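Me: Could you take a close look at the aromatic side chains in this model for me, and then walk outwards to the charged groups around them? I would enjoy one connected answer rather than a list.

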Amino acid sequence: MTEISNDSGWRGSQEVWLQAAYEALLETGVESVKILPLGKKLNLSRTSFYWFFKDREELLAALLTRWREKNTGNLVKQCEAYAESIVEAMFNVFDCWIDPKLFDPRFEFAVRSWALQSEDISTEIENADRARLSALQQMFMRFGHTELDADVRARTTYLVQIGYVSMRTKEDISLRMKRIPHYVEVYTGIAPQQRDLDRFFSRHSFRAADLG
């Protein structure tokens with residue numbers, strides 16, 4: 001059952017409650033993810049909430065599942081995506097840093113902030129970091145890098161981006177795009193060719209002429 005509506009106030013959907021919880025987490029942190037404030041914001045009853053979730057803990061678990069599937073799941077998929085070279089593979093990873101539909105930096109920051117208050121969430125973060133770093137390392141090894149070299153390059157790639165997230169860095173898209181080829185060269189040891197850049201810019205609806 002995903003949707004229900006009648007005169008008693010049993011209406012809404014699981015996704016509506018989950019989206020409201022997500023927005024509250026991003027705006028003011030996990031302490032604001034509570035049933036009554038969310039219901040007031042949505043103009044929905046507690047009865048509606050309990051139709052879709054057993055309790056607040058189940059709602060929080062659903063939030064974590066969304067974060068895990070989106071940020072970790074998509075990053076791993078991009079690491080494993082087809083590529084003819086390590087440069088192309090790295091551009092696949094950079095899709096995550098450009099497209100919030102693949103990797104949500106605000107969600108990442110909110111969950112990492114939540115981890116400061118919870119050992120369980122801290123463990124979730126540790127598990128996610130390990131999975132992401134492993135995927136990046138395997139990507140480098142796929143293109144002939146030794147295990148140690150792949151590990152260092154994976155850490156360099158990942159920790160820089162987590163630094164962007166943790167510092168809540170604001171970067172104009174043209175400046176970001178101008179820096180990306182240099183990041184790719186630093187991470188892979190190979191300068192991207194123009195055709196690599198053109199493909200990457202094209203799938204993000206960006207023109208090289210906009211670099212200025």
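Reply: W17, F49, Y50 and F53 come together as one aromatic cluster. Keep in mind that this is a predicted model, so every distance here is computed from predicted coordinates.

With a limit of 6.5 Å between ring centres, the count comes to twelve aromatic pairs. One of them joins F49 and F53: their centres are 5.4 Å apart with 25° between the planes, so the pair counts as stacked, being under the 30 degrees that this class requires. Both F49 and F53 are buried. For a contrasting geometry, turn to W97 and F103, an edge-to-face pair with 5.2 Å centre to centre and 90° between the planes. W97 is buried, and F103 is buried as well.

Rings also meet charges here. The charged end of R66 sits over the ring of Y22, at 5.2 Å from its centre. R168 lies over the face of F109, with 4.1 Å to the ring centre.

From there we can move to helix α6, which spans residues 105-115. At its start, a side-chain oxygen of D104 comes to within 3.2 Å of the backbone nitrogen of R106. The buried residues of this helix are F107, E108, A110, V111, R112, W114 and A115, a list that holds aromatic and charged residues alike. What covers them includes α1 (14-28), α4 (56-80), α7 (119-142) and α8 (147-166).

Helix α8 brings us to D151, which lies in it. Is D151 buried or exposed? Neither label fits: its relative accessible area is 22%, and because buried means under 20%, D151 counts as partly exposed. Further along the chain by 45 residues is D196, and the C-alpha atoms of D151 and D196 are separated by 24 Å.

A last acidic residue worth your time is E88, found in helix α5 (residues 86-98). E88 is buried yet has no salt bridge. Why not? The nearest side chain of opposite charge, R199, is 4.4 Å away, and a salt bridge needs a separation within 4 Å, so the pair does not qualify. R199 does still count as a contact of E88: leaving aside neighbours within four places in sequence, E88 touches Y82, A83 and R199.

Notes: Residues are numbered from 1 along each chain as its sequence is written. This is a predicted model: local features need pLDDT of at least 70, side-chain atom pairs count only at pLDDT 80 or more; totals for chains, interfaces and linings use all residues. Side-chain values use heavy atoms; hydrogens and water are left out. Rings of Phe, Tyr and Trp (its six-membered ring) pair if their centres lie within 6.5 Å; planes under 30 degrees apart count as stacked, over 60 as edge-to-face and the rest as tilted. Buried means under 20% relative accessible area, exposed over 50%, partly exposed in between (1.4 Å probe, protein chains only). A charge sits over a ring if NZ of Lys or CZ of Arg is within 6 Å of the ring centre and within 35 degrees of the ring normal. Helices (H or I, at least four residues) and strands (E, at least two) are DSSP runs, numbered from the N terminus. Contact means heavy atoms within 4.5 Å. A polar contact is a pair of N or O atoms within 3.5 Å; within protein, one must be able to donate a hydrogen and the other to accept it, and residues adjacent in sequence count only if both atoms are side-chain atoms. Lys and Arg count as positive and Asp and Glu as negative; His and the chain ends are not counted.
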